[in-house]
Amino acid sequence: YAVHAEGPLAPGVVAEQYMLAQGPDLRGLVTAPCTAAGREHWFVGASATPGHRGRLIITNPNSTAAVVTVSFWGVNGPVDVPGAKDISIPPLSQEILVLDAFVPEAEDLALRVRASQGRVSAALDYRESDESTPLGISMIPATTAPATSLVVPGVPGHGQRTLFIHAPGDSDAIVTLEILGADGPFSP
């Protein structure tokens, strides 16, 4: 689907997609914001280990072809992936890349989708299972491009939480974490 708005309120249009999956091989409630087409999209926290399947969905909403390169980073740095460069996305169509076909057995992945021609939208759905039992599906939201300061809003105050930090440069990054809680900021 493509959402186009016209008129004086057009700059304020937003859209969200959702899916309730109750099938034998897929279970969960999935929501994801619809994102504007752009030249670059980043995702952090996927895995291609057994029981984990990520699907990168790249959509070209334009009337001309787009060309994208998907870059991957694992726990040990950049991963050279044949077939992930200069992927042509025809006009008004989408390509779905299954991560375990590109980076089998890789965990804690970071991905960058970069369009060298045209603009695309990208989404990453993530499915977990225990052998043949589906455990759930979720969307890994796109994140901002790497920066020296980031804010992660809306972290729940209960349950297990994991923060994935990715440094795509050639050297290690030193990170300081500050949590903004109900009683003010603190550093763990």
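Two exercises with worked solutions follow.

The model is predicted, so local features need pLDDT of at least 70, side-chain atom pairs count only at pLDDT 80 or more, and totals for chains, interfaces and linings use all residues. Residues are numbered from 1 along each chain as its sequence is written, and side-chain values use heavy atoms, without hydrogens and water.

**Exercise 1.** State which strands pair with β5 and how β5 is covered.

Solution.
1. Locate the strand: β5 spans residues 66–74. Strands are DSSP runs of E with at least two residues, numbered from the N terminus.
2. Apply the pairing rule: two strands pair if DSSP finds at least two bridges between them.
3. Take β6 (residues 77–79): three bridges join this strand to β5 in the antiparallel sense. Phe72 lies opposite Val79, and two residues separate the strands in a hairpin.
4. Take β7 (residues 87–89): this strand runs antiparallel to β5 with three bridges, and Val67 faces Ser88.
5. Take β9 (residues 109–117): seven bridges link this strand to β5, again antiparallel. Val68 has Ala115 as its bridge partner.
6. Check the cover: seven of the nine β5 residues are buried (under 20% relative accessible area, 1.4 Å probe, protein chains only), so the strand is largely enclosed by the rest of the structure.

**Exercise 2.** Place Val175 and classify its accessibility.

Solution.
1. Find the position: Val175 sits in the loop between β11 (133–140) and β12 (179–181).
2. Classify: its relative accessibility is 49%, so Val175 counts as partly exposed, a class that lies between buried and exposed (over 50%).

Definitions and conventions
Helix = DSSP H or I, 4+ residues; strand = E, 2+ residues; numbered from the N terminus.
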